[in-house]
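Reader: I would be grateful for a close examination of the aromatic side chains in this structure. Please set out how they are arranged and what surrounds them.

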Amino acid sequence: MATSSRRTQNTAASASEPKASKAAASTPASASAPASPPGSPNPSNASNPPVAHVPPLPALTLRQVQYFVALAHSRSFTQAAQALSVTQPALTAAIRQIEFLLGGRLFERSAHRLTLTEAGATILPLAERLLNAARGTFDDMTSTFTLQAQTVRIGFIPSVAARLLPVLGTLREAHPNVRFALSDLPNSELVAALARGEIDLGVGVRDDADEAGHAASADGFRCDDLFDDEIVLVARRDDPLASAASVTWAQLTERDLAVFVRGNVSDSLQRTGGSQNLRLEPKYRMEYTEPLYALVRSGLALAILPRLYTLHLHDPALVALEVTAPRVTRTVALMSLEGKERGPQVSACRDWVARHLAT
């Protein structure tokens, strides 16, 4: 009974303790420190600032992307594996992993054919652009330790070389650490190479389009117009038309005409002929300038070509004439992918070319 009485007294005493005492006993010692004014730094976090969250990269690797592109072009597991120096089972496993990560099939497989699915055909140019950007960036990283320079990849149509290359020469003199990788390409190939990320800048015709539908005026392309290039006629100096300062398109309907096999001059002739109800159909199509001029020297044809090609025409037997009614021009533009420039030297090169080449 005595023991029970003590327990009853202890319980009663505990129950009679003020609630404030319990709260004070459970409060950490640091809580008794004076509160910091609003907006002041918390001294306990001063040495440990919050770490920004870094989003994880996708599990897809560049090597897997390379496998996909190689297979998409060869359409053969055997040929792609040989080109990549891997075994065919390794390539097959990589393609299955890519399809798993992307969430769908990239290829349609049959006993005799391997074709891209609709999704695969859509992804292919994106994959090519990713690989080309990665290669260019890696080259820049390695050149940091070797040349201390960044290489700017520039494509241009052949006719602009005489105006573009001196501008690049002055850029190198002003900035010796800039390097160039230069490619002369037909306009349709230039625009396609730019879309794939193989080049950083392109100097070509803005309104041209290739068979694949690439167009320099399409969404995703940045185009800065540089100058207009007039379409002219090259004739023998003793030709009856050469006595006039200019000729009209109507005067050419009965003459044999020669143009370049590539480029947009043929399209310009068709558009001009259609708008004027004239028959302007080229009889000869040449790959290079010299055969085109040889046709004119021999009296077999008159040449229709951009004036840029005639800047260094120093043949006393030939003369370049303006063609009017109407005057036909093409717009030469500086092109790049919108928001895709690889670094400050590419941007500086673009600005330099635009400033020194535009007229």
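Author: The following account takes the aromatic pairs in turn, then a pocket, a charged contact and a strand. The structure is a predicted model.

A search of the whole structure yields 2 aromatic pairs. One of them joins F68 and F107 in an edge-to-face arrangement, with 5.7 Å from centre to centre and 65° between the planes. This pair links distant parts of the chain, since F68 belongs to helix α3 (residues 62-74) and F107 to strand β1 (residues 107-109), 39 residues apart. Both F68 and F107 are buried.

The other pair consists of F260 and Y309, whose ring centres are 4.7 Å apart. Why is this pair classed as tilted? The planes of F260 and Y309 stand at 45°, and an angle counts as stacked when under 30 degrees and as edge-to-face when over 60, with the rest tilted. F260 is part of strand β8 (residues 257-260), whereas Y309 is in the loop between β10 (302-306) and β11 (318-324), so the pair ties together parts that are 49 residues apart in sequence.

Are the two partners buried or partly exposed? F260 has a relative accessibility of 7% and therefore counts as buried, because the limit for that class is under 20%. Y309, with a relative accessible area of 23%, is partly exposed.

Y309 also has a place in the lining of the largest pocket, which has a volume of about 400 Å³. Of the 21 residues that line this pocket, P158, P186, R262, E287 and Y309 are the closest to its centre. By class, the lining comprises 11 nonpolar, 5 polar and 5 charged residues.

A further aromatic ring, that of F227, has a charged neighbour: the charged end of R163 sits over the ring, 4.0 Å from its centre.

One more aromatic residue, F156, leads to the strands. F156 stands opposite V203 in β5. Strand β3 (residues 150-156) and β5 run parallel and are joined by 3 bridges. Strand β5 (residues 201-205) is mostly covered, with 5 of its 5 residues buried. Strand β5 is also joined by 4 bridges to strand β12 (residues 329-337), and these two run antiparallel. V203 has L334 as its bridge partner in β12.

To return to the aromatic pairs, the F68 and F107 pair is edge-to-face, while the F260 and Y309 pair is tilted.

Key:
Residues are numbered from 1 along each chain as its sequence is written. This is a predicted model: local features need pLDDT of at least 70, side-chain atom pairs count only at pLDDT 80 or more; totals for chains, interfaces and linings use all residues. Side-chain values use heavy atoms; hydrogens and water are left out. On a 1 Å grid over the protein atoms alone, a cavity is a set of points where a 1.4 Å probe fits but cannot get out, and a pocket is an open set with protein on both sides within 12 Å along at least five of seven lines; lining residues have an atom within 4 Å of a point. Grid points are joined across faces, edges and corners, and a volume is the space filled by probe spheres set on the points. Ala, Val, Leu, Ile, Met, Phe, Trp, Tyr, Cys and Pro count as nonpolar, Asp, Glu, Lys and Arg as charged, and the others, Gly among them, as polar. Rings of Phe, Tyr and Trp (its six-membered ring) pair if their centres lie within 6.5 Å; planes under 30 degrees apart count as stacked, over 60 as edge-to-face and the rest as tilted. Buried means under 20% relative accessible area, exposed over 50%, partly exposed in between (1.4 Å probe, protein chains only). A charge sits over a ring if NZ of Lys or CZ of Arg is within 6 Å of the ring centre and within 35 degrees of the ring normal. Two strands pair if DSSP finds at least two bridges between them.
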